[in-house]
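Work through the exercises below with the model open beside you. Try each task before you read its solution.

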Amino acid sequence: MDAPISNKRAAAARERAPPTAWASATRLAGVGLLVVCAWAVLRLHASVTTMPRHPPSLAEMLLSFVTVLTGLGGAMASFIGPDLFRSQPRPPRAGPAGIDHS
């Protein structure tokens, strides 16, 4: 009976712990992804504004895909940081019509 309480205390202590190297590495990786995103945006802008106008090539489509992925991933890693990888409690399962059968 005492084991779950001590596990809860340990989990609470981990949440109150100061940021570690893992947190810094996660945020630094996010900043790196945002740098890649900025580079991709500049390349996309240069390719779209060149004359003559042309339909998007496969390279431009892939570059736009990279821009979106690195932008979203970098923003999440930079702003949320290591909390991205924190486990979340699962809600209890509900049966038909929302009735809890546990």
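Buried means under 20% relative accessible area, exposed over 50%, and partly exposed in between (1.4 Å probe, protein chains only). The model is predicted: local features need pLDDT of at least 70, side-chain atom pairs count only at pLDDT 80 or more, and totals for chains, interfaces and linings use all residues. Residues are numbered from 1 along each chain as its sequence is written, and side-chain values use heavy atoms, with hydrogens and water left out.

**Exercise 1. Describe the fold of the chain.**

Step 1. Count the elements: three helices and zero strands. Helices (H or I, at least four residues) and strands (E, at least two) are DSSP runs, numbered from the N terminus.
Step 2. Read along the sequence: the pattern is α-α-α.
Step 3. Check burial: of the 102 residues, 17% are buried.
Step 4. Take the contacts (heavy atoms within 4.5 Å). Among those with a separation of 6 or more, 67% join residues 24 or more positions apart.

**Exercise 2. Classify Leu84 and place it in its surroundings.**

Step 1. Locate Leu84: it sits in the segment after H3.
Step 2. Apply the cut-offs. Leu84 has a relative accessible area of 35%, so it is partly exposed.
Step 3. List its contacts beyond four places in sequence: Met76 and Ala77.
Step 4. Look across the chain. Thr26 is 58 residues away in sequence, yet the two C-alpha atoms are 9.3 Å apart.
Step 5. Turn to Met76. This residue belongs to helix H3 (residues 58–79). Its relative accessibility is 43%, so Met76 is partly exposed too.

**Exercise 3. Determine how the side chain of Ser78 is placed.**

Step 1. Ser78 lies in helix H3.
Step 2. Its relative accessible area is 14%, so Ser78 is buried.
Step 3. Find its polar partner. A polar side-chain atom of Ser78 is 2.8 Å from the backbone oxygen of Gly74.
Step 4. Leave aside neighbours within four places. Ser78 then touches Arg27, Gly30, Val31 and Leu34.

**Exercise 4. Which residue is the nearest side chain of opposite charge to Glu60?**

Step 1. Set the charges: Lys and Arg count as positive, Asp and Glu as negative; His and the chain ends are not counted.
Step 2. Search around Glu60. The answer is Arg43, 8.7 Å away.
Step 3. Test for a salt bridge (a side-chain nitrogen of Lys or Arg within 4 Å of a carboxyl oxygen of Asp or Glu). Glu60 is buried and has none.
Step 4. Look for another partner. The Glu60 side chain reaches the backbone nitrogen of Ser57 at 3.0 Å.

Terms used:
Polar contact = N/O pair within 3.5 Å; in protein donor to acceptor, adjacent residues only side chain to side chain.
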